[in-house]
Structures are given as C-alpha cells and as structure tokens.
Amino acid sequence: MKKKYVISIIAIILLLIGIIILFFWPPKFELKNGENITLKYGQKYKEPGYKVTRFGKDYTKKVKVKSKINKNKLGTYEVIYEVKIAGINFKQIRKVKISDNEKPKITLKGDKKVSICPHAEYKEEGYSATDNYDGDLTKKVKITKKDNIITYFVKDTAGNTTKVKRTIIKEDKTAPVITLKQGSTITLYLNETWKDPGYTAIDNCDSDITNKVETSGNVNTKKLGTYKITYSVTDEAGNVAKIERTVKVVNRPVADGSSIIYLTFDDGPKEGTTNVILDILKEENVKATFFVTNSGPDYLIKRAYDEGHTVGLHTASHNYQTVYSSVDNYYRDLKQVQNRVKRITGYESKIIRFPGGSSNTISKKYSKGIMSVLTKDTVNKGYRYYDWNISSGDAGEVSTASGVYNTVIKYLKKNRSNMILMHDIKPYTRDALRNIIKYGKNNGYTFAKITMSTPMITHGVNN
Ligand code: ZN
C-alpha cells in the first residue's frame, strides 16, 4: 500500500514534468537559405521565407518578423522571427551581412607606358580612384616608385585593394631637327660671295644643339653650277639628322633698267614686322618705300631712313573720317606725320600716299569732291603722291605668305614700273618678301625706291 502510493506520486510528478516540458517545448523554425545570409553592398534584403511548426501544427502565419537592415551601410544585421504560442514568446534569429567585395578602381591620366627623355624626370600626369562604397578615394592613393615602375595603390573601407602600374621608359628615339635659314635652295649670281645664311638644330631631348652641326660641301661662285651643302647632327642618344641645301650659281639676269619694282609698305611701322622687313631688304640689298603713320616706334622710321629707304607720308591717324572730313583736316593730319618724320630723321618728306589711294570712294561719305581737290592741291603745294598698279591683296583678300607672293608675281610686268602696294604691319607680307625679291632678281627686274623724281603712278579720281 505504501509502495503503491509512492509510485503514484512519482508518476504524477513525472507527468507534471512532462506537461511542463511539453508546454515550454520550442517550435521548429525552418529558415530558407539558412541562418546566415551575405548580401552585396547596395543589394536589397528580400525575405527568403520560413516555416514554424510545433507538434505538427503550423504557426507560420503567426510569426512576426523584425529587421533593421541598411543596405547602404556595411555590417551584420539581425532578422528576428517571433511567435507567441500559449502565451510564451519564442524567437529565432537570422544574421544578414552586408559586405563589399568590389575593388576600388584607379584611373590613370596619360598612358600606362610613358616614354620620356633619358635625363628627364617623370612628371605625374594625374590619376583618380573611385570605389562603389567609399566614392572618391583619390586622396588615399599611395604612390611608390621602384626603378622605372610607378605603383598606385588604394584600399577601400572593406579592405579591398587595387594596384595599377605605370611604366616609365627613358629613351630618345626622335632625331633632331635642322632648320636652314633662308630655305633649302639659294640662288647666287656668278662671282657673288657665298656665305652660309645659318641654321639651327633643335633636339626634343637635348634642346639646342646647333653647335654640334657638321657641314660639308663647297660652293664655287666663280663657276656656274649646282652645289650641295650637307648639314648633319647627332643627338646624345645617337639619332642622326641630315639635311641638304642646294646652292645654284647662275648668270646674273640682264636688267635693262626698264623693268622696275617699287616695293611700297603702308600703315607702319610696326615692331615685329617692319624690323624683319628691314633686315631682309638689307640682306638682299634692295631699297624700298615706307608710307608711315603715327603708329609704331620711332626707331624703325630712323632705321628705314638711315638704311637708305624712302620714308613717305600716309597721314598720321589713317582715320578716313578725320583725314577726309575737310581739306584743312587732311593737311593738319598730314603735317602731324610729316613733323614726326622730320623730328626723327631731319628730313622733310613730301612723298605721299592717300589712305585708300587717290581713287578711294570712302571719302565721299565725309566730304564730296575732296579727292579732286587734294590730288591737285597737294601737287601744287610741292607734294608728289603715289598710288599703285599692283595690289598684293594683303589688306584684305590675301592672308598667307604664299598668297601675297602669288598675287604679286601674277601681276608683275616687264618693261614698266611695277608699284606694289603692301603693308609692313602684316606678318604674311613680311614672310613673303624674301621670295618676292628673289623672284624679281631672278627675272631681270630692278628694285628702286620712290624719290622726288620718280614719275607719279596715279589712279583715276572717283570723288
Ligand atoms: Zn593705308
């Protein structure tokens, strides 16, 4: 009896324990795709699904899911699945890791293989680094140099690294450039003196190596023929440049004195053009005429005069409204430039050229008939005015040296005075002059400056 009682009590206790255990028995959480999920940075978390059962009963619909995942911030987040069964809370956790395994990108400005001169230092051409998570990482790029390799290294917050290399090749494969002053062909007349007009040699790496140029060849100006002068130079890297100049010795063309070229230059003087034109005239031993204004430096007028050229007057202002508004205004303006020339040279010039020429029509706008008056009155006052019969076109339609040259050559005529209108303020006229003179010399023309005894070359008056 006593034993039976004890057994009963034990049975009851076990039963109670069983009930309690069953009461607290946790449900079964089945998480699809497992308890740990890794997402790429920026990728949105999408619940893969779950199922909760307990003793065969489905509690899935009672589950509450909580999560605070920020897809834009790296880290490990929890998704909490909670279910309440018979007043008791059960929960399960899923871990979601937002990770970044994308490498940053480094972009180099310039080439990955750079050639520089042997003695040069590489100058960084620039770079940039960006990362999907960190954004601009340019400032974090570390640069290391070893021998001829430059390494650009960068690491993002997640620890992904990128390395880019640039190779610097020190070499010089470019030959120097020899430039011959006065061009590759020179024509000399029999018995003239040959003097090399000079040259320069410039190398991309060694800069000016003119003093290393070696020349060979001879010119015998006492004998007609074609001679070659060879110029060669070698840079430090051993690149060779070689160039030839042809010197022709020809018979001096017979100039009978009736085919004359008057080179006339208007609107100057001007620094940068007039001075070079004077150099060329000096080298070619040719005299010309400059119709000056009040522009440009005094010394160029002085130089033109001292070197034997004629300094003519083109008016001071060269302003149509000013000079053609009345006869008085014309003379007032003319006097100004006449005084300037006299002050600089001591010479009172009376050789004039009307702005726009005596045939201009623009003066009509300011004073009707003024050209008819001025063309007579100036001559009566002892002036001599000169228009032109060849326009180089450099005041408008032509703007290259070859254009100026071709226009002048086209209109030159033998057995007359060729009065050529040019402007010494134009760089392309400056650059065309040498060839115009050469053409004239080679074709039997004589060059002359205008003097007070030069017959006037005049247009018809249109106002
Ligand atoms: Zn002019």
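**Why the helices and the cavity get their labels**

Modeller: Let's start with two helices: α3 passes α5 in a right-handed crossing. Keep in mind that this is a predicted model, where local features need pLDDT of at least 70, side-chain atom pairs count only at pLDDT 80 or more, and totals for chains, interfaces and linings use all residues. Residues are numbered from 1 along each chain as its sequence is written, and side-chain values use heavy atoms, leaving out hydrogens and water.

Biologist: Why is the crossing of α3 and α5 called right-handed?

Modeller: The near helix is turned clockwise from the far one by less than a right angle; anticlockwise would be left-handed. α3 and α5 fit the clockwise case, so their crossing is right-handed.

Biologist: And what makes α3 roughly perpendicular to α5?

Modeller: The axes of α3 and α5 (residues 327–345) come within 9 Å and cross at roughly 70°. Axes are lines fitted to C-alpha atoms over the stretch in contact, with angles from 0 to 180 degrees between N-to-C directions. Under 35 degrees counts as roughly parallel, over 145 as roughly antiparallel, 65 to 115 as roughly perpendicular, and the rest as oblique. So α3 is roughly perpendicular to α5.

Biologist: Which residues make that contact?

Modeller: D298, I301, K302 and Y305 of α3, with R340, R343, I344 and T345 of α5; contact means heavy atoms within 4.5 Å.

Biologist: What about α2 and α3: how do you know they are roughly parallel?

Modeller: The axes of α2 (residues 274–284) and α3 (residues 298–306) come within 10 Å and cross at roughly 15°. That makes α2 roughly parallel to α3. This crossing is left-handed. T274, N275, L278 and D279 in α2 meet Y299, L300, R303 and A304 in α3.

Biologist: How many cavities are there, and what makes a space a cavity?

Modeller: There is one cavity of 30 Å³ or more. On a 1 Å grid over the protein atoms alone, a cavity is a set of points where a 1.4 Å probe fits but cannot get out, and lining residues have an atom within 4 Å of a point. The largest cavity has a volume of about 40 Å³, meaning the space filled by probe spheres set on the points.

Biologist: Which residues line the largest cavity?

Modeller: P269, T274, F290, V292, L300, I301, A304 and V311. α3 gives the most to this lining, with three residues.

Biologist: How does that lining divide by class?

Modeller: Seven nonpolar, one polar and no charged. Ala, Val, Leu, Ile, Met, Phe, Trp, Tyr, Cys and Pro count as nonpolar, Asp, Glu, Lys and Arg as charged, and the others, Gly among them, as polar.

How values were computed: Helices (H or I, at least four residues) and strands (E, at least two) are DSSP runs, numbered from the N terminus. On a 1 Å grid over the protein atoms alone, a cavity is a set of points where a 1.4 Å probe fits but cannot get out, and a pocket is an open set with protein on both sides within 12 Å along at least five of seven lines; lining residues have an atom within 4 Å of a point.
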